[in-house]
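Reader: I would like a close look at one side-chain contact and the residues around it. Please start there, then work outward to the rest of the chain.

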Amino acid sequence: MRKYSIGILLLCFLGLLAGCQADRITDDPTCRLAFSKDTVLFDTVFTTIGSSTQTLMVVNPNKNALRIERIGLANGRYFRVNVNGEPLDGDSSTSQEAAVTIAGGDSIFVFIRATIDPQDSNSPVFIRDTLLFGLPQGIQQVILEAYGQDVVLIRTVKKRTEYARDFVFKHDKPYLIYDSVLVGGKMTIEAGATLYMHQGAAVFALGDVEAVGTMSQPVTLRGDRLDRLFDSVPYRYAAGMWDGLYLLNYKDAPRAAYAFDYLHCEGGNIGLYCYSERTQDLPSLTLSNSRLHNHALYGVVLQNTDATIANTEISNCASYCLYLDGGEFDIVHTTIASYFGATNVNIQSTQKEDVAGVYINNLSKTGAATHVNVRNSIITGSRRNQLVLATPLPQYYAGAWYGNYLKTDSLTIPHAHDNVYWSEEDTVEVFRNTYYKYKEYRYYDFRLDSLSPARGIGDSITALSYPFDRNGISREHVRPDAGCYQYTE
């Protein structure tokens with residue numbers, strides 16, 4: 001028993017000795033701090049809004065304690081720092097003379113935010129400062145970097161900003177829409193314009209819409225989170241970060257016309273929702289060279305609308321990528337890929353519904369009839385059946401379907417010919433990548449695989465009207481591929 005008591009006392013003494021050593025402040029001139037990162041880099045920060053908070057771990061890897069006599073910013077203008085719950089003064093001349101001691105083998109946390117004043121510039125402005133750690137052994141530093149972007153802020157206590165007449169979103173500076181916007185007249189979005197949408201924000205258009213971008217200057221609608229969920233996962237990869245774009249045409253309003261070209265719309269609940277109360281003289285919509293991707297509900301919903309969708313990718317939506325209900329629809333050289341949830345990190349805010357990628361509703365007794373042509377297009381995804389045609393008599397359904405690659409087991413209409421259908425025996429991939437592998441920094445890529453069954457199956461006459469794919473690749477002098485991307489090595 002006495003031997004055990006002596007052993008316990010010896011262990012307690014050694015532990016106390018080690019604790020005393022860890023708390024003893026070292027005067028060794030070679031001792032230094034270690035940092036979890038040598039540069040804290042913020043993604044683009046909206047001026048006047050500020051960034052999310054980043055964390056820096058400051059570690060004392062030495063046996064003895066290290067005393068930090070001062071922590072401060074070299075400039076102190078654009079960054080705010082909090083050390084273990086104590087904020088530093090933003091003015092570098094009066095920065096906290098922090099008497100922080102870190103025990104041997106211990107660490108502290110430093111929290112940093114970027115708050116950047118307006119820069120009077122249309123382009124992002126590079127901002128840099130240095131976080132200084134003053135020790136008796138010398139000064140150590142961590143670099144802080146950010147890009148400040150001036151924005152046109154649309155925000156109101158009413159939760160919705162209304163423009164009764166025509167309104168133009170200009171391309172000079174991006175817009176940050178905190179709540180929602182309703183445009184009563186014609187809404188124009190210039191080429192190169194970007195609309196950053198805050199959580200829950202939406203855009204409502206009651207009149208005509210013209211959003212015509214170019215390949216180099218697309219029209220962009222996306223969430224306003226420019227930082228990262230994880231190091232390899234930007235927030236732009238997350239669905240449900242804003243609400244949606246709604247086009248509404250009421251009976252007492254003039255017939256609306258909607259034109260979208262090179263629209264990039266991603267990360268919302270709904271990409272594009274178009275609804276009309278009319279059952280005759282329907283509004284018209286063209287959607288070309290566009291990409292609507294990764295929405296927590298629907299990609300494109302068209303109800304009582306005549307529409308042409310061409311050279312467009314509609315992909316990765318938790319419910320229908322494309323829902324058609326009432327109207328004349330022409331789908332040409334379009335890729336509809338439904339792989340929502342094919343990822344090994346939780347970036348998508350809802351579970352995928354067990355629904356097809358495309359739903360065509362021709363059962364309405366009150367709305368307009370639904371007539372759909374699909375040519376030189378791709379409809380596929382992770383579900384077994386990606387196409388539902390809901391019509392009373394499918395054998396008499398009028399519609400031209402040819403030159404397509406289709407993953408469906410329910411298409412029996414007589415005009416569906418010269419298509420390639422998915423089979424369980426298929427072993428080749430349609431696309432280059434249908435899975436998000438964040439550890440490998442590989443994102444979905446719906447360009448065609450080299451062995452894709454969608455290669456060379458398109459109708460050549462149809463392709464004459466669309467001689468270039470949405471990336472500008474020529475379809476001339478080759479057998480056209482199905483979908484919005486012509487294969488290139």
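Author: Start with Asn361 and Asp325, whose side chains are joined by a polar contact of 3.5 Å. Keep in mind that this is a predicted model. The distance sits right at the cut-off, because a polar contact is counted within 3.5 Å.

Now place the asparagine. Asn361 belongs to strand S37, which covers residues 358-361. Is Asn361 buried or exposed? Asn361 is buried, because its relative accessibility is 12% and the limit for that class is under 20%.

The Asn361 side chain has a second partner. It reaches the backbone nitrogen of Leu363, at 3.1 Å. So the picture for this side chain holds one link to the side chain of Asp325 and another to the backbone of Leu363.

What else does Asn361 touch, once neighbours within four places in sequence are set aside? Tyr323, Leu324, Asp325 and Gly326 are on the list. Thr370 and Ala390 complete it. Asp325 therefore appears twice here, as a contact of Asn361 and as its polar partner.

Compare a second polar pair. The side chains of Ser315 and His293 are joined by a polar contact of 2.8 Å. Ser315 is in strand S33, residues 313-317. Ser315 has a relative accessible area of 0%, so it is buried. Its contacts, again without neighbours up to four places away, include Leu292, His293 and Asn294. Cys321, Ala337 and Phe446 are also among them.

Next, the cysteines. How many disulfides does a search of the whole structure find? The count is 0. Cys265 is in no disulfide, and the nearest cysteine sulfur, that of Cys317, is 9.3 Å away. That gap rules out a bond here, because a disulfide needs the two sulfur atoms within 2.5 Å. Cys265 is buried, at 1% relative accessibility. Cys31 is buried too, with a relative accessible area of 9%.

Move on to a proline. Pro467 lies in the segment after helix H2, which spans 460-463. Pro467 counts as partly exposed, because its relative accessibility is 25%. Ile473, Ser474, Arg475 and Glu476 touch Pro467, leaving out residues up to four places away in sequence. Pro480 is 13 residues from Pro467 in sequence. In space, the two C-alpha atoms are 9.1 Å apart.

Then the surface. Met57, Phe109 and Phe111 form a nonpolar patch there. Together they have about 230 Å² of accessible area. Met57 is in strand S4, residues 54-59. With a relative accessible area of 30%, Met57 is partly exposed.

Finally, step back to the whole protein. It has 2 helices and 45 strands. S4, S33 and S37 are among the strands. Of its 489 residues, 52% count as buried. Asn361, Ser315, Cys31 and Cys265 are among the buried ones. The accessible surface comes to about 22600 Å². Carbon and sulfur atoms hold 50% of that surface.

Contacts across the sequence fill in the rest. Take the contacts between residues at least 6 apart in sequence. Of these, 62% join residues at least 24 apart.

To return to your starting point: Asn361 is a buried residue, with Asp325 as its side-chain partner at 3.5 Å and the Leu363 backbone nitrogen at 3.1 Å.

Key. Residues numbered from 1 in each chain as written. Predicted model: local features only at pLDDT ≥ 70, side-chain atom pairs only at ≥ 80, totals over all residues. Heavy atoms only, no water. Helix = DSSP H or I, 4+ residues; strand = E, 2+ residues; numbered from the N terminus. Buried < 20%, exposed > 50% of the residue type's maximum accessible area, 1.4 Å probe, protein only. Contact = heavy atoms within 4.5 Å. Areas by Shrake-Rupley, 256 points an atom, 1.4 Å probe, with all protein chains shown as cover. Patch = residues over 30% accessible without salt bridge, like charges linked within 9 Å, V, L, I, M, F, W, Y side chains within 5 Å. Salt bridge = Lys/Arg side-chain N within 4 Å of Asp/Glu carboxyl O. Polar contact = N/O pair within 3.5 Å; in protein donor to acceptor, adjacent residues only side chain to side chain.
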